[in-house]
Amino acid sequence: MKADIGIIGGSGLYKFFDKGKWVNIKTKYGKPSDQIFLFEYLGKKIAFLPRHGRKHNLPPHKINYQANIDVFKQLGVKLIISPAAVGSLQTNIKRGDFVFCNDFIDRTKKRKDTFFNGPKTVHISSTDCYCDQLRKIGKKVCEKNKIKVHDKGIVVVIEGPRFSSKAESKWFTKSGWHIINMTQYPENVLAREAEICYLNISLVTDYDVGVQGIKPVSLEEVIKVFGKNIENVKKVIIDIIKEIPKDYSCNKCHNALKGAIIS
Ligand SMILES: [Zn+2]
């Protein structure tokens with residue numbers, strides 16, 4: 001089994017295309033979130049994995065991020081497209097906007113966030129774990145579809161499953177960070193360690209509790225905004241796939257381990 005492109009479906013995105021097959025893939029890191037859906041589109045082989053499972057039975061802190069990324073590594077994918085619902089930390093980033101993250105702040109606590117636990121010692125650079133090349137394609141596609149897009153953004157990743165306290169959220173906003181989420185880390189750095197290009201598509205569903213003058217998040221609101229915009233997310237993913245050349249390569253991401261291995 002081989003695939004060119006990987007998609008990790010976030011909340012509300014549990015299925016992609018009807019024609020294809022669900023397959024089991026084993027990993028040495030344990031079970032991935034679900035079976036993998038393999039299908040073909042425009043002659044490209046695509047592997048889809050619902051991040052929380054098809055029944056949304058895995059909360060963010062229970063997802064086996066190592067196994068999920070390892071599945072894509074085994075399939076030989078060159079790039080991963082990873083949509084996610086996020087909260088906004090700044091008033092200029094509005095509900096329904098798309099953000100392509102280019103940096104992150106890790107506030108998670110108990111996640112397995114590396115493939116390298118010795119004896120091989122690896123210190124990966126996490127300065128570029130979001131692929132610049134793919135962010136450019138994403139921006140172009142959003143503009144074509146008339147979707148309000150921010151082609152840069154710093155995401156704060158919290159452990160969850162609780163939302164932020166008011167003080168925490170105010171601190172994040174004051175620090176100038178842009179959006180908040182519970183699943184971006186360690187998915188992003190594990191993809192980097194696996195030398196796979198990684199693109200996050202963040203869909204803003206609400207404002208976080210510390211954003212001044214704006215009503216705090218309710219789960220009902222999140223689901224409503226997400227539902228309204230899910231078709232846009234699918235359209236953007238499909239158009240990105242169309243833009244990916246068959247002989248896709250990325251010098252930066254595909255050689256991420258060069259110079260990072262000590263022994
Ligand atoms: Zn890349």
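Start by selecting helix α4, where Gln184, Tyr185, Pro186, Glu187, Asn188, Val189, Leu190, Ala191, Arg192 and Glu193 are buried. That makes 10 of its 10 residues, and α4 is mostly covered. Keep in mind throughout that this is a predicted model.

Now step just past the end of the helix. Glutamate 195 comes just after α4 and takes a positive phi of about 55°.

**Next: the partner of α4**

Keep α4 selected and add helix α1, residues 65-75. The axes of α1 and α4, the latter covering residues 184-193, come within 9 Å. They cross at roughly 40°. Such numbers are the usual language here: two packed helices are described by the angle between their axes and the distance between the axes. The crossing of α1 and α4 is right-handed.

Show the side chains at the contact. From α1, pick Tyr65, Gln66 and Ile69. From α4, pick Pro186, Glu187, Leu190 and Ala191, which those α1 residues meet. Colour the set by type: the contact of α1 with α4 has 5 nonpolar residues, 1 polar and 1 charged.

**Back along the chain: lysine 55**

Select lysine 55. Which loop holds it? Lysine 55 lies in the loop between β4 (44-50) and α1. Is lysine 55 buried or exposed? Lysine 55 counts as exposed, because it has 9 C-beta neighbours inside 10 Å, and the cut-off for exposed is 12 or fewer. For a sense of scale, draw a C-alpha to C-alpha distance from lysine 55 to valine 86: 20 Å in space, for 31 residues in sequence.

**Into the sheet: strand β9**

Select strand β9, residues 154-158. Of its 5 residues, 4 are buried, so β9 is largely enclosed by the rest of the structure.

Look at its neighbours one at a time. Strand β7, residues 103-107, is joined to β9 by 5 bridges. β7 and β9 run parallel. To find your place in this pairing, select arginine 107, which stands opposite isoleucine 158 in β9.

Now add strand β10, residues 179-181. Here 3 bridges join β9 to β10, and these strands run parallel too. Use valine 155 as the marker: its bridge partner in β10 is isoleucine 179.

While the side chains are on display, a general rule helps. In a regular strand the side chains alternate between the two faces of the sheet.

**On to cysteine 142**

Select helix α2, residues 132-144, and pick out cysteine 142 within it. Why does cysteine 142 count as buried? It has 23 C-beta neighbours inside 10 Å, and the cut-off for buried is 20 or more.

Display what cysteine 142 touches. Leaving aside residues up to four places away in sequence, the contacts are Phe98, Ile147, Val149 and Val236. Then draw a C-alpha to C-alpha distance to serine 218. Cysteine 142 and serine 218 are 27 Å apart in space and 76 residues apart in sequence.

**Zoom out**

Clear the selections and show the whole chain as a cartoon. The secondary structure comes to 5 helices and 11 strands. Rotate the C-alpha trace: along its principal axes it spans about 50 × 40 × 35 Å. For 263 residues, a compact globule would have a radius of gyration near 18 Å, and the 17 Å of the protein chain agrees with that.

Finally, colour by burial. Of the 263 residues, 43% count as buried. Among contacts between residues at least 6 apart in sequence, 82% join residues at least 24 apart.

Definitions and conventions:
Residues are numbered from 1 along each chain as its sequence is written. This is a predicted model: local features need pLDDT of at least 70, side-chain atom pairs count only at pLDDT 80 or more; totals for chains, interfaces and linings use all residues. Helices (H or I, at least four residues) and strands (E, at least two) are DSSP runs, numbered from the N terminus. The radius of gyration is taken over C-alpha atoms; the globule rule is 2.2 Å times the number of residues to the power 0.38. Two residues are in contact if their C-beta atoms, placed from the backbone, lie within 7 Å. Axes are lines fitted to C-alpha atoms, for helices over the stretch in contact, and angles run from 0 to 180 degrees between N-to-C directions. A crossing is left-handed if the near helix is turned anticlockwise from the far one by less than a right angle, and right-handed if clockwise. Ala, Val, Leu, Ile, Met, Phe, Trp, Tyr, Cys and Pro count as nonpolar, Asp, Glu, Lys and Arg as charged, and the others, Gly among them, as polar. Two strands pair if DSSP finds at least two bridges between them.
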